[in-house]
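Student: Before we discuss this entry, may I see the sequence and the structure together?

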Amino acid sequence: MRGARGSKNLSCDVAIVGGGISGLYMADTLLSLHQERNVCLFEKENKLGGRILDHTFERLPDVPISLGAWRIDKGNAIVRQIMKRFEIDSTPLKIPKRADRLEARGVFATNQSSLQKQAFPLLSNVKLGPYKTVSYKNMAKYLLSKRETAPQYSSLSTFLQDHLTPEGLNFLTDLIAFPPYFAQEPNAETFFESLEKYKHFTRNFILPHKGVSALTDALKASVIKQKGKIYKDEEVKTIHEVGKNIYSLKTARFKVIAKKLVLAVPMKSMQKIHGSLAGKIKNNPIFKSIGYQVAYKMIALYEKAWWKHNSSTSWRLNDEQNCRSNSDCLGYTFPYKERGPNGEAILQAVYAKSHCAVKWGELLKISRKVTEQEIHKALKRLFPGIDIPKPLQSVHQYWENGFQHMQRAGTHISVSEVIDWAKRPFPQQEVFIVGEAYNLIRGWVEGALQSAKNALEEGWNMKISDMQPQRVDQTRVLENFYDLDLY
Ligand SMILES: Cc1cc2nc3c(=O)[nH]c(=O)nc-3n(C[C@H](O)[C@H](O)[C@H](O)COP(=O)(O)OP(=O)(O)OC[C@H]3O[C@@H](n4cnc5c(N)ncnc54)[C@H](O)[C@@H]3O)c2cc1C
């Protein structure tokens with residue numbers, strides 16, 4: 001039936017906005033556990049998956065290139081459950097437990113202490129309470145002892161500078177390959193959320209053979225099989241409440257009436273949706289306390305693995321090693337170990353965050369050629385003495401709307417408050433907000449799924465017993481926090 005302005009009328013019991021993993025998982029669980037029959041999912045892009053996005057180069061068609069999520073922790077219980085259910089095979093993802101290719105201020109080092117001595121000599125005079133050396137682990141331990149001071153600071157940046165000195169902050173950010181500016185964006189409490197976040201992490205990472213998108217592909221196929229309705233290329237532009245538990249959504253082609261509503265879009269996307277109900281959400285102080293951080297990836301295919309053949313210095317990058325460098329905003333550089341039929345090799349040249357991501361992303365909007373020239377120059381500085389060839393092909397991804405969320409600087413609303421609110425933002429109403437921002441495990445697929453689990457429990461009273469995340473003992477939690485391989 002056609003509506004007044006030519007749009008088609010659609011009636012759904014549940015309308016899900018957003019076809020990332022949280023939206024797909026909601027649709028699939030509601031259908032497969034027979035909670036709902038008439039489920040409609042709207043996705044603004046012409047593909048599903050959102051921040052789970054893989055690419056393949058023609059010469060290596062079996063090697064998924066992760067432009068978004070790139071690893072699963074074995075402790076990620078809901079992800080593992082999906083993998084088990086859909087028989088998704090995986091391989092261990094080997095990355096070194098210690099970052100051993102570090103660059104800062106033109107100094108190349110194979111361990112933290114050597115980098116500190118050469119590039120941050122001023123830190124040799126700094127004592128962090130009882131700790132005599134400024135290692136990442138000691139910095140983390142010292143900051144933990146200062147936890148109760150966090151609410152006195154407006155941002156993570158001022159908190160870190162006060163406790164570690166500005167030079168300590170620079171060292172820390174170089175170790176994790178986040179540019180120092182990143183710490184101005186979140187509040188200080190954000191640092192301590194990580195401790196909670198990694199409670200269930202084993203730091204044994206795996207990657208599905210077909211990439212992380214094997215998860216969203218399987219969920220999509222399952223939703224379709226169960227007659228769930230998926231509408232791609234259908235951006236939801238307005239959301240109104242038109243009666244008690246009656247919601248009206250508009251896309252370019254549809255006018256939708258739904259009894260229940262699941263919002264599975266990131267914060268920045270939510271801001272673009274209009275209408276009375278969307279407005280109430282956007283004006284809520286809890287929603288306003290959520291911030292986001294941007295990321296940029298550039299992955300390139302080369303004729304040969306040139307990064308392994310640096311005879312002039314010991315500075316080379318073997319398979320399963322990674323390099324961290326902020327000097328030229330490359331961030332986190334590492335090779336894929338697979339090879340093409342003629343030895344072709346893949347390098348994740350750039351994985352930059354915060355203002356470094358903005359640098360590349362904004363340049364890309366102006367010219368891809370110039371961006372690639374600049375990245376090439378930056379790689380030459382990172383691998384001195386190597387004649388770096390031009391890539392055969394490359395792929396860029398700018399996560400302008402955020403790769404992960406955090407609590408904004410200047411706010412003191414905790415993630416737990418955000419989670420409680422999102423479960424049911426309006427009492428008595430059947431509206432649920434899910435996604436990576438609405439859980440402690442922010443920045444991870446598991447977090448997005450955990451928020452969906454909250455909504456299923458809250459709205460449908462579902463108790464799904466085998467979804468409990470595995471517990472990791474307390475010492476391990478601290479070890480996780482003290483190590484660098486979670487960044
Ligand atoms: C660079 C990067 C690296 C990452 N690395 C990892 C990792 O290694 N391991 C890990 O577990 N996680 C990782 N993550 C995080 C993980 O990808 C996310 O937590 C997860 O995919 C988020 O899922 P979501 O459903 O919450 O949101 P999204 O995936 O963002 O899905 C939201 C969907 O809503 C759609 N949408 C937006 N607005 C509208 C609208 N108005 N109407 C209709 N549709 C709309 C979007 O197009 C999108 O498809 C990474 C993410 C990035 C970007």
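The dialogue below treats overall form, core, strands, ligand shell and selected residues of this predicted model.

Student: Which radius of gyration does the protein have, beside that of a compact globule with 487 residues?
Tutor: The C-alpha atoms occupy a box of roughly 70 × 55 × 45 Å along the principal axes. For 487 residues, a compact globule would have a radius of gyration near 23 Å. The protein agrees with this expectation, its own value being 23 Å.

Student: How many helices and strands are there in the protein?
Tutor: Helices here are DSSP runs of at least four residues, and strands are runs of at least two. On that basis the protein has 15 helices and 19 strands.

Student: What percentage of the contacts between residues at least 6 apart in sequence join residues at least 24 apart?
Tutor: A contact requires C-beta atoms within 7 Å. Among contacts in the protein between residues at least 6 apart in sequence, the share that joins residues at least 24 apart is 73%.

Student: Which strand supplies the largest share of the largest nonpolar core?
Tutor: Of the 487 residues, 46% count as buried. The largest nonpolar core has 131 residues, and those with the most contacts inside it include Ala15, Met26 and Val445. Ten residues, the largest share of this core, come from β14.

Student: Is Ala15 buried or exposed?
Tutor: Ala15 is found in strand β1, residues 8–17. Apart from residues up to four places away in sequence, Ala15 touches Cys40, Phe42, Tyr247, Leu249, Val256, Ala258 and Leu261. The threshold for burial is 20 or more other C-beta atoms within 10 Å. Because Ala15 has 28 C-beta neighbours inside 10 Å, Ala15 counts as buried.

Student: Which residue in β2 is the bridge partner of Ala15?
Tutor: β1 runs parallel to β13 (residues 254–263), joined by nine bridges, and Ser11 stands opposite Ile257 in β13. β1 also runs parallel to β2 (residues 39–42), joined by four bridges. In β2, the bridge partner of Ala15 is Cys40.

Student: Why is one side of β5 and of β6 left without a neighbour in the sheet?
Tutor: The open sheet has three strands in the order β5-β9-β6, with antiparallel pairing. β5 (72–73) and β6 (90–92) have one side without a neighbour in the sheet because they stand at the edges, each with a single partner strand.

Student: Which residue in β9 stands opposite Asp73?
Tutor: β5 pairs with β9 (residues 205–208) in the antiparallel sense over two bridges. Opposite Asp73 in β9 stands Phe205.

Student: Which element gives the most residues to the shell around the ligand?
Tutor: The ligand is surrounded by 38 residues, the closest being Gly18, Gly20, Gly50, Ser269 and Gly435. These residues divide into 18 nonpolar, eleven polar and nine charged. At least two residues each come from α1 (21–32), β14 (290–302), β18 (393–407) and α14 (445–460). With four residues, the element that gives the most is α14.

Student: Which residues are in contact with Val445, leaving aside its neighbours within four places in sequence?
Tutor: Val445 is one of the residues with the most contacts inside the largest nonpolar core. Leaving aside its neighbours within four places in sequence, Val445 is in contact with Ile21, Ile52, Ala69, Ile72, Asn76, Val79 and Val212.

Student: What separates the C-alpha atoms of Phe120 and Glu458 in space?
Tutor: Phe120 lies in the loop between α3 (112–119) and α4 (136–145). Phe120 counts as partly exposed because it has 19 C-beta neighbours inside 10 Å. Beyond its neighbours within four places in sequence, Phe120 is in contact with Glu167 and Phe171. Phe120 and Glu458 are 338 residues apart along the chain, and their C-alpha atoms are separated by 50 Å.

Student: About what phi does Asp233 have?
Tutor: Asp233 is in the loop between β10 (229–231) and β11 (238–243). Most residues other than glycine have a negative phi. Asp233 is not a glycine, yet its phi is positive, at about 60 degrees.

Student: Is Asn461 buried or exposed?
Tutor: Asn461 is found in the loop between α14 and α15 (474–482). Asn461 is not a glycine and has a positive phi of about 60 degrees. Because Asn461 has 8 other C-beta atoms within 10 Å, Asn461 is exposed.

Technical notes: Residues numbered from 1 in each chain as written. Predicted model: local features only at pLDDT ≥ 70, side-chain atom pairs only at ≥ 80, totals over all residues. Near = placed C-beta within 6 Å. Nonpolar A, V, L, I, M, F, W, Y, C, P; charged D, E, K, R; others polar. Rg over C-alpha atoms; globule rule 2.2 N^0.38 Å. Buried ≥ 20, exposed ≤ 12 C-beta atoms within 10 Å, placed from the backbone. Contact = placed C-beta atoms within 7 Å. Core = buried A, V, L, I, M, F, W, Y, C linked by C-beta atoms within 7 Å. Pairing = 2+ DSSP bridges.
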